Amino acid sequence: MLNSVKSILVAIDPGFASQMAFRQALQLASSMKAKVEAISVTPRYEGNMHRWKLDDANDQMDLPFKNCLNNVIQCADYLGQKVKTIHRVGEPAEVITALAEEEGMDLLLMGYPRRSYVEGVLLGRTTAKVIGMSPCDVLMIPENSEIGFSRILVGLDGSPHSMAAGQRALELALSYGGEVHGLTVLDVPVERGLRYGVLDEARHKNFTALQILAKQGEKLGVPVVTELREGSPYKHLVQYSEENKMDLIVLGSYGRTAFTRLLLGSVVERVAALSPLPTLVVKRPYGNQETAVN
């Protein structure tokens, strides 16, 4: 990933979490020798501007979003780095992901505020939509968290998308001198497993995925720890990350899908919403993962 990330798009809004995430984006870009672009989107107002009797209503709506771009320019200048800024008006998630595709960005980064447990079970609508619609990997940074690559947790379920996530995790660990923890969580009802042997089949499939990750790690010289658990995937991923003091969670995503199909209640959304750690969502699966490690 270090060599493949040449451009980072940062989604900026007036919130504190977004501004803090931008600072970390600059640090990441510096280590990866990548260019940085920042976009801030004024949501399109659907009501009647005239009823407010403001001649400059559009300008006033744009102002906080343009101001936050001015802030990131100052931040980049202070750190001796360059940033290209873009302001647009529209539906934020659609505009952000469209720009990522237009510019051929390699990584989309965004910060988001931490909320209570109940509020945090689901991500904010814009964040969730960006994950689903993004053409490239998405790195989400919760408020008051920092990016680290010393201990990386990747969730594996045997699918090509999760194996792509495993590959990304290994690349990052190799580049930054870290280690990878591969976790598989079987979420198969006991009665179904007993009746049809589904549980044994799932164990075999996912144990193989963990073996592939460990084998590739050995070839690369990256320490790999593997574990298989049973229960709720998102709960165990968050729990494992806390128990083992992880720095980053890496998860695979099933390509680009509509918001309602992608994330409502999904493992990706729930982990990102409940974990205090940055979460990297990998959007581009590799070809034959098993062949790649033989």
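Is Tyr 176 buried, partly exposed or exposed? I looked it up: Tyr 176 has a relative accessible area of 27%, so I put it down as partly exposed. Note to self: this is a predicted model.

**Entry 1, the aromatic pair**

I wanted to know what Tyr 176 is doing with its ring. I found one aromatic pair in the structure. Its members are Phe 149 and Tyr 176, and they are stacked, with 4.4 Å from centre to centre and 20 degrees between the planes. The two come from distant parts of the chain, 27 residues apart: Phe 149 sits in the loop between strand E5 (137-142) and strand E6 (151-155), while Tyr 176 belongs to helix H6 (residues 160-176). I checked the cover on the partner too, and Phe 149 is buried at 12% relative accessible area.

**Entry 2, the whole chain**

I stepped back for the overall numbers. I get twelve helices and ten strands. The chain has 294 residues, and 52% of them count as buried. Of the contacts with a separation of 6 or more, 79% are between residues 24 or more positions apart. The accessible surface is about 14,200 Å², and carbon and sulfur atoms own 51% of that.

**Entry 3, Glu 143**

I went back to the loop between E5 and E6, since Glu 143 is there as well. Glu 143 comes out as partly exposed, at 23% relative accessibility. Which residues does Glu 143 touch, leaving out those up to four places away in sequence? I wrote down Phe 16, Ala 17, Tyr 112, Pro 113 and Arg 114. I also looked at Met 20: it is 123 residues from Glu 143 in sequence, yet their C-alpha atoms are 7.5 Å apart in space.

**Entry 4, Asp 62**

I picked Asp 62 in helix H2 (residues 57-78). Asp 62 is buried and has no salt bridge. What is the nearest side chain of opposite charge, and how far away is it? I found Lys 66, at 4.3 Å. The cut-off for a salt bridge is 4 Å, so a pair at that distance is not counted. Asp 62 does have a side-chain polar contact, with the side chain of Thr 42 at 3.0 Å. Beyond residues up to four places away in sequence, Asp 62 touches Thr 42, His 87 and Val 89.

**Entry 5, salt bridges**

I count eight salt bridges. One of them joins the side chains of Glu 37 and Lys 35, with 3.7 Å from N to O. Glu 37 is buried, at 2% relative accessibility, whereas Lys 35 is partly exposed at 44%.

I then followed Arg 229, which is buried at 14% relative accessibility. Arg 229 forms a salt bridge with Glu 227, where the closest N and O atoms are 2.7 Å apart. Glu 227 is partly exposed, at 29%. The side chains of Arg 229 and Glu 243 also meet in a salt bridge, 2.9 Å from N to O. That second pair links distant parts of the chain, 14 residues apart, with Glu 243 in helix H9 (residues 233-243) and Arg 229 in strand E8 (residues 224-230). Glu 243 is partly exposed, with a relative accessible area of 44%. I logged Glu 227, Arg 229 and Glu 243 as one network, joined by salt bridges that share partners.

**Entry 6, helix H11**

Last stop was helix H11 (residues 267-274). Why do I call H11 largely enclosed by the rest of the structure? Because seven of its eight residues are buried. Among them I noted Glu 269 and Arg 270, along with Val 268 and Leu 274.

How values were computed
Residues are numbered from 1 along each chain as its sequence is written. This is a predicted model: local features need pLDDT of at least 70, side-chain atom pairs count only at pLDDT 80 or more; totals for chains, interfaces and linings use all residues. Side-chain values use heavy atoms; hydrogens and water are left out. Buried means under 20% relative accessible area, exposed over 50%, partly exposed in between (1.4 Å probe, protein chains only). Contact means heavy atoms within 4.5 Å. Accessible areas come from the Shrake-Rupley method with a 1.4 Å probe; for residues, only the protein chains shown count as cover. Rings of Phe, Tyr and Trp (its six-membered ring) pair if their centres lie within 6.5 Å; planes under 30 degrees apart count as stacked, over 60 as edge-to-face and the rest as tilted. Lys and Arg count as positive and Asp and Glu as negative; His and the chain ends are not counted. A polar contact is a pair of N or O atoms within 3.5 Å; within protein, one must be able to donate a hydrogen and the other to accept it, and residues adjacent in sequence count only if both atoms are side-chain atoms.
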